[in-house]
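Ready for a bit of practice reading a protein model? Grab the viewer and work through the exercises below, checking each solution as you go.

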Amino acid sequence: MNQSRYAHNTYLQLAAEGGLLTLPFLCVFLIAVFRRLWAPRPEGPLIGMAVVAVLLHNVLDFTLLLPGIGVPFF
């Protein structure tokens, strides 16, 4: 399986693969996502809560690195 090839943290894995140059882009992405989630939405806060849950889950797992999960999420 691929579980031993990846760090069990998506953000750490991205930083390890891309080096220090990836870290600012990752921070800008996360800030943009959280800023957009805090904006008022007509569909309510549930979608924002789901996105935050997936992003926080990836601190402990690498699910967004799997195409079957990452592509439908984005």
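Before we count anything, here is what counts: helices (H or I, at least four residues) and strands (E, at least two) are DSSP runs, numbered from the N terminus. Keep in mind that this is a predicted model.

**Exercise 1. Work out how many helices and strands the protein chain has, and the pattern they follow.**

Step 1: Count the elements. You should get four helices and zero strands.
Step 2: Read along the sequence. The pattern comes out as α-α-α-α.
Step 3: Look at the chain as a whole. It has 74 residues, and 26% of them are buried. About 5,500 Å² is exposed, with carbon and sulfur atoms supplying 73% of that area.

**Exercise 2. Compare the span of H3 with the expected one.**

Step 1: Find the helix: H3 covers residues 46-57, which gives 12 residues.
Step 2: Get the expected span by taking 1.5 Å times one less than the number of residues. For H3 that is 16 Å.
Step 3: Check the model. From first C-alpha to last, H3 reaches 16 Å, close to what was expected.

**Exercise 3. Find the buried residues of H3 and explain why they line one face of the helix.**

Step 1: Use the cut-off: buried means under 20% relative accessible area. In H3 that picks out Gly48, Val51, Val52 and Leu55.
Step 2: Look down the axis. The buried residues of H3 fall within an arc of 100°, so they line one face of the helix.
Step 3: Recall the helix rule. An α-helix has 3.6 residues a turn, so residues three or four places apart point the same way.
Step 4: Turn to the other side of H3, where Leu46 and Met49 are exposed.
Step 5: Ask what the buried residues pack against. The partners are helix H1 (10-18), helix H2 (22-38) and helix H4 (67-73).

**Exercise 4. Now do a similar job on H1: which residues are buried, and what covers them?**

Step 1: The buried ones are Thr10, Tyr11 and Gln13.
Step 2: They cover an arc of only 160° around the axis, which puts them on the same side of H1.
Step 3: On the other side of H1, you'll find Leu12 and Ala16 exposed.
Step 4: The cover over the buried residues of H1 includes H2 and H3.

**Exercise 5. Track down the nonpolar surface patch that includes Leu56.**

Step 1: Start from Leu56, which sits in H3.
Step 2: Add its patch partners, Val59 and Leu60.
Step 3: Together, Leu56, Val59 and Leu60 have about 300 Å² of accessible area.

Methods
Residues are numbered from 1 along each chain as its sequence is written. This is a predicted model: local features need pLDDT of at least 70, side-chain atom pairs count only at pLDDT 80 or more; totals for chains, interfaces and linings use all residues. Side-chain values use heavy atoms; hydrogens and water are left out. Patches are made of residues with over 30% relative accessible area and no salt bridge: like charges are joined within 9 Å, nonpolar side chains (Val, Leu, Ile, Met, Phe, Trp, Tyr) within 5 Å. Accessible areas come from the Shrake-Rupley method with a 1.4 Å probe; for residues, only the protein chains shown count as cover. A salt bridge is a side-chain nitrogen of Lys or Arg within 4 Å of a carboxyl oxygen of Asp or Glu. Buried means under 20% relative accessible area, exposed over 50%, partly exposed in between (1.4 Å probe, protein chains only). The arc is that of the directions from the helix axis to the C-beta atoms. Contact means heavy atoms within 4.5 Å.
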